[in-house]
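Visitor: I would like a close look at a single part of this model, taken slowly and with the residues named. Please begin with the pocket and then follow the chain onward from there.

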Amino acid sequence: MAPAKIRGALNMGFQMMITIGILAANLINYGTSKLENGWRISLGLGAVPAVMLCVGSLFLGDTPNSLIERGQREAAKKMLQKIRGVENVDEEFQDLIDACEASKKVEHPWKNITSPKYKPQITFCSLIPFFQQLTGINVIMFYAPVLFKTLGFGDEASLISAVISGGVNVVATLVSIFSVDKFGRRILFLEGGVQMFLSQMAVGAMIAWKFGVSGEGSFTKGQANLLLFFICTYVAAFAWSWGPLGWLVPSEICSLEVQSAGQAINVAVNMLFTFFIAQVFLAMLCHLKFGLFFFFAGFVVVMTIFIALFLPETKNVPIEEMSKVWKSHWFWTKVVPDDVADNDRKAVQES
């Protein structure tokens with residue numbers, strides 16, 4: 001339902017809530033660290049947002065789309081008028097009806113997304129979440145206290161450092177929300193990639209300098225603060241690029257015909273590699289040591305080149321007109337059949 005001109009900012013609300021949750025968890029861990037049963041309190045407080053979701057769902061109203069799908073058109077129109085705050089919603093209401101009718105005609109979305117006309121969609125819905133996890137962000141977000149403690153920070157210092165990086169994560173996501181629809185997706189991807197690469201190389205170099213291959217060494221207070229600074233610049237770069245855009249871009253390039261399949265692929269690949277990185281990180285840190293950061297920096301180079309070469313700008317482009325974007329791209333025009341744009345335009349006119 002979001003207009004194309006503010007679609008990016010609204011979509012990123014999802015990522016914003018994730019970053020706030022991470023910061024809240026870090027603050028709770030820090031606040032309960034000195035209590036005798038602090039770990040129990042920290043673990044138990046995880047139930048609070050779950051209870052809030054359950055209670056909140058009891059007061060959550062139906063969406064106009066949901067009401068239309070169940071045949072309650074009058075109720076759907078009243079709900080849309082309530083949401084928009086105006087009486088004249090006839091044009092948008094008809095669009096919702098048309099979209100609902102079109103969705104009922106969609107068959108075999110998994111078969112559709114494997115056809116040549118949807119090769120760009122299946123490519124980005126698979127590779128963007130794959131690359132997102134191989135930025136190495138979960139190394140910081142999942143294991144920040146462990147990582148900082150391993151690098152010589154004390155118990156309290158490691159927890160407060162995790163809070164600082166979590167705060168940077170929230171602020172940088174806000175930057176993305178206010179800039180994505182103004183400057184576009186590509187520039188955030190590319191700038192974020194360069195900044196993440198430089199930050200990871202700096203972190204890896206500092207650890208190599210002080211700890212070497214033996215893994216033994218320590219940082220002075222000034223050096224520790226500098227290391228934390230580079231980690232925060234890395235987190236900031238991710239938070240205004242691959243973090244929110246990893247969810248935004250796949251969601252806005254898939255037409256109704258393949259939307260469910262495309263989003264399912266995006267989420268499945270993301271969760272699969274989130275699990276994989278979480279399982280192997282500690283072993284990789286023990287074996288690769290400072291090389292772990294160079295490992296992820298190498299993938300950042302690959303994914304940044306991938307975006308620079310193959311992702312067209314999708315800012316302010318309605319989803320039904322994405323076929324024109326593919327046909328105007330130097331690479332995808334060779335892959336997508338010539339009649340795709342014409343067929344999509346006819347489908348929109350008929351609806």
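Guide: What follows is a walk through one pocket and then through two loop residues further along the chain. The model is predicted, and the part to start from is the second largest pocket, which has a volume of about 350 Å³. The second largest pocket is lined by 17 residues, and those that lie nearest its centre are Gln 15, Ile 18, Ile 22, Asn 138 and Phe 142. Two or more residues of this lining come from each of helix 2 (13-32), helix 9 (119-133), helix 10 (137-150), helix 14 (242-253) and helix 15 (259-288). In chemical character, the lining of the second largest pocket divides into eight nonpolar and nine polar residues, with no charged residue among them.

Helix 15, one of the elements that give residues to that lining, leads on to a loop, for Lys 289 lies between helix 15 and helix 16 (291-310). The backbone of Lys 289 deserves attention, since its phi is near 55°, a positive value in a residue other than glycine. Lys 289 has a relative accessibility of 26% and therefore counts as partly exposed, the bounds of that class being 20% and 50%.

Beyond helix 16, the loop that runs to helix 17 (322-327) holds Asn 316. Asn 316, which is not a glycine, also has a positive phi, here near 65°. With a relative accessible area of 38%, Asn 316 is partly exposed.

Definitions and conventions:
Residues numbered from 1 in each chain as written. Predicted model: local features only at pLDDT ≥ 70, side-chain atom pairs only at ≥ 80, totals over all residues. Heavy atoms only, no water. 1 Å grid on protein atoms, 1.4 Å probe; cavity = no way out; pocket = protein on both sides within 12 Å on 5 of 7 lines; lining within 4 Å. Points joined across faces, edges and corners; volume = space filled by probe spheres on them. Helix = DSSP H or I, 4+ residues; strand = E, 2+ residues; numbered from the N terminus. Nonpolar A, V, L, I, M, F, W, Y, C, P; charged D, E, K, R; others polar. Buried < 20%, exposed > 50% of the residue type's maximum accessible area, 1.4 Å probe, protein only.
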